[in-house]
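Visitor: I would like a close look at a single part of this model, the surface that faces the nucleic acid. Please take me through that part in some detail, and then through its surroundings.

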Amino acid sequence: MAEEKSSNFLEEIVENDLKSGKYSGIITRFPPEPNGYLHLGHAKSICLNFGLALKHGGKTNLRFDDTNPITEETEYVESIKNDVKWLGFSWSNEFYASDYFGELYEFAIVLIKKGLAYVDDSSPEEIAFQKGTPVKAGTGNVYRERSVDENLQLFTEMKAGKYKEGEKVLRAKVDLASPNMHMRDPIIYRIKHAHHHRTGGTWCIYPMYDFAHGQSDAIEKVTHSICTLEFIPHRELYDWLITNLGIYPSRQYEFARLNMTYTMMSKRKLLQLVSEGHVKGWDDPRMPTITAVRRRGYTPESIREFCDKIGVAKRENLIDIGLLEFCVREHLNKISLRRMVVTDALKVVITNYPEGKMELLPSENNTEDPNGGIREIPFSRELFIEKDDFMEVPVKKYFRLAPGQMVRLKSAYIIKCEEVIKDSAGNVSELRCTYVPESKSGSDVSGINVKGVIHWVSVPHALEVEVRLYDRLFNMEDLNQAEGDFRTLLNPDSLKVLPKVYAEPSLALAKSADRFQFMRIGYFCVDPDSTPAKRVFNRTVTLRDMWAKKN
RNA sequence: UGCCCGAUGGUGUAAUUGGCAACACGCUUGAUUUUGAUUCAAGAAAGUCCAGGUUCGAGCCCUGGUCGGGCAACCA
């Protein structure tokens, strides 16, 4: 395996640790809380954790950080496992913080016995007040002076269910004057008489994040525990616990979370969008969740490529969603089958083409793929073309159809617009054209050169399908700068449904999850809402379109 | 009135760890093209937040500022 140069600060750390002999192999972990669906921000973390281990011959555990029974559900753990697999990664072990509740409890006992933890009867308000402020030291209370024996007994009683929620907590005795608020005697255990998705009613006391995460890392002998920037202040406590418990010295490193334009990565807010019905569900193709981008037609390869391209650093960032789109286009361009679909139809009658005649014209499935093969498309006297491909009064440099002008019908003939038919309202309703018989694709002897090539569908053979067009979820570029209710910033036009568009007949064979390029329009995939009677396609992303941009 | 992170083209990430700023997206122009796509070629765009200092030499080191972000949930 070729030795690549480290590409970011995390790799540099890992490589140095390996080179110095600090570790002979590394272990990382991806530690989601099963309280929601994974999004692109998690994808970054997944690619980082698994990528680091893959590159250096290490292992990665999938560990569910399930220490808060009231927010966590089995539905979420299943979706998370599914998403990680879809992204193309396999974990060495599937672990749960709740697997360690017994050991964690013993760790708490150790702390109490060392005089480093105490049971506090204060209310949340009292505790908050006694912690002081960042610029004012906290103050102790009478509970802080309880004896080891008393703490031991009280904590045992907490575990036994003797107390109600909120009556007592276990706190680490660290330093109430620390400039780091997280060190001011953090709460490490609280009482919750709640059903846990895995341990059921076994426990009524649950460890806090800070008392579970580092120890779980230590138990699994995680060497590099990477997390996002907001956990930096927690690192001091993470290390304090490892030192005072005398357990495996896992190390925490932090990187900047992913932010993207026109969308948001807050699990809480995404949940709100779902529960309030602003989107149709966690897998609504407009959502930044993994399950949604999957349904939208993104490939795992393109997501991984994206995560690779955005890099990792410790500074705040705002990634242009255009980069994600570039990554899918790049991949889809190589793999998707080309098909012709007319989304906004205008009827064309080829007046010199015999009535009732039909020819099957071959067309490449994918010009990017030499082995892609061809399919045959029926051609007849009556066709649909895109309304946008005709202009009664053409603008300069317009290569498409206009009165008296010619275009090539993709894989078929060159046609010339002879007559424009309008309805009573004055709208163009039909075009009368003639075709050049010698201009047949592949055997063109007409000698005519046309600049424009447009897609088309034969009217009698057209397959009616539904197409769903997605646009950015929000109208604001940087949602982190939003003030007030973020829901007012939702893009009202983020979904446009075209219930009846005309597709070439081969699309009747499209299977769920098949991906296509609708020529000159964009990349589409089959949505699970499809039925045998009606196929539904999601637009993954448009094609790059310099012409549209200019006009 | 504290502590902790951070600051490089529009965006994101690099810079052999002190040697004269690179790559990608985006943008512009041209060529090719039976997708105004793709591909190809060329180009514009930062002198590295500011001020000092060390040095032959600083984006990298030091000092002091400025700006941005984070930290006081019985959330993770």
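Guide: A polar contact here is a pair of N or O atoms within 3.5 Å. The model is predicted, and the distances below are computed from it. With that cut-off in hand, start at R190: an N or O atom in its side chain is 2.8 Å from a phosphate oxygen of RNA strand B. R315 also reaches the backbone of the RNA, with a polar side-chain atom 2.8 Å from a phosphate oxygen of RNA strand B. R338 addresses a base instead: an N or O atom of its side chain is 2.4 Å from a base oxygen of RNA strand B. Several elements give two or more residues to the surface near RNA strand B, namely strand 6 (187-191), helix 11 (300-310), helix 12 (321-335) and helix 13 (546-550).

Taken as a whole, the surroundings of RNA strand B comprise 66 residues, and E12, R338, S441, Q517 and K549 come nearest. On the RNA side, sugar and phosphate make up 59% of the atoms that come within 4 Å of the protein. On the protein side, the surface near RNA strand B divides by class into 26 nonpolar, 19 polar and 21 charged residues.

Helix 12 deserves a closer view, and H331 lies in this helix. H331 counts as buried because its relative accessible area is 17%, and the limit for buried is under 20%. The side chains of H331 and T299 are joined by a polar contact of 2.7 Å. Leaving aside residues up to four places away in sequence, H331 touches T299, E301 and S302.

Next come the aromatic rings. The whole structure holds 24 aromatic pairs. One of them is formed by F95 and Y100, whose ring centres are 6.3 Å apart, with 55 degrees between the planes, a tilted arrangement. The two partners fall in separate burial classes: F95 is partly exposed because its relative accessible area is 23%, whereas Y100, at 6%, is buried. A single aromatic cluster takes in F101, Y105, F155, Y189, W203, Y206 and F211.

Rings also meet charges in this model. The charged end of R198 sits over the ring of Y96, at 3.4 Å from the ring centre. K451 places its charged end over the ring of F399, and there the distance to the ring centre is 5.4 Å.

Definitions and conventions. Residues numbered from 1 in each chain as written. Chains lettered and ligands numbered in written order. Predicted model: local features only at pLDDT ≥ 70, side-chain atom pairs only at ≥ 80, totals over all residues. Heavy atoms only, no water. Phe/Tyr/Trp six-rings, centres within 6.5 Å; stacked < 30°, edge-to-face > 60°. Buried < 20%, exposed > 50% of the residue type's maximum accessible area, 1.4 Å probe, protein only. Lys NZ or Arg CZ within 6 Å of the ring centre and 35° of its normal. Near = heavy atom within 4 Å. Polar contact = N/O pair within 3.5 Å; in protein donor to acceptor, adjacent residues only side chain to side chain. Helix = DSSP H or I, 4+ residues; strand = E, 2+ residues; numbered from the N terminus. Nonpolar A, V, L, I, M, F, W, Y, C, P; charged D, E, K, R; others polar. Contact = heavy atoms within 4.5 Å.
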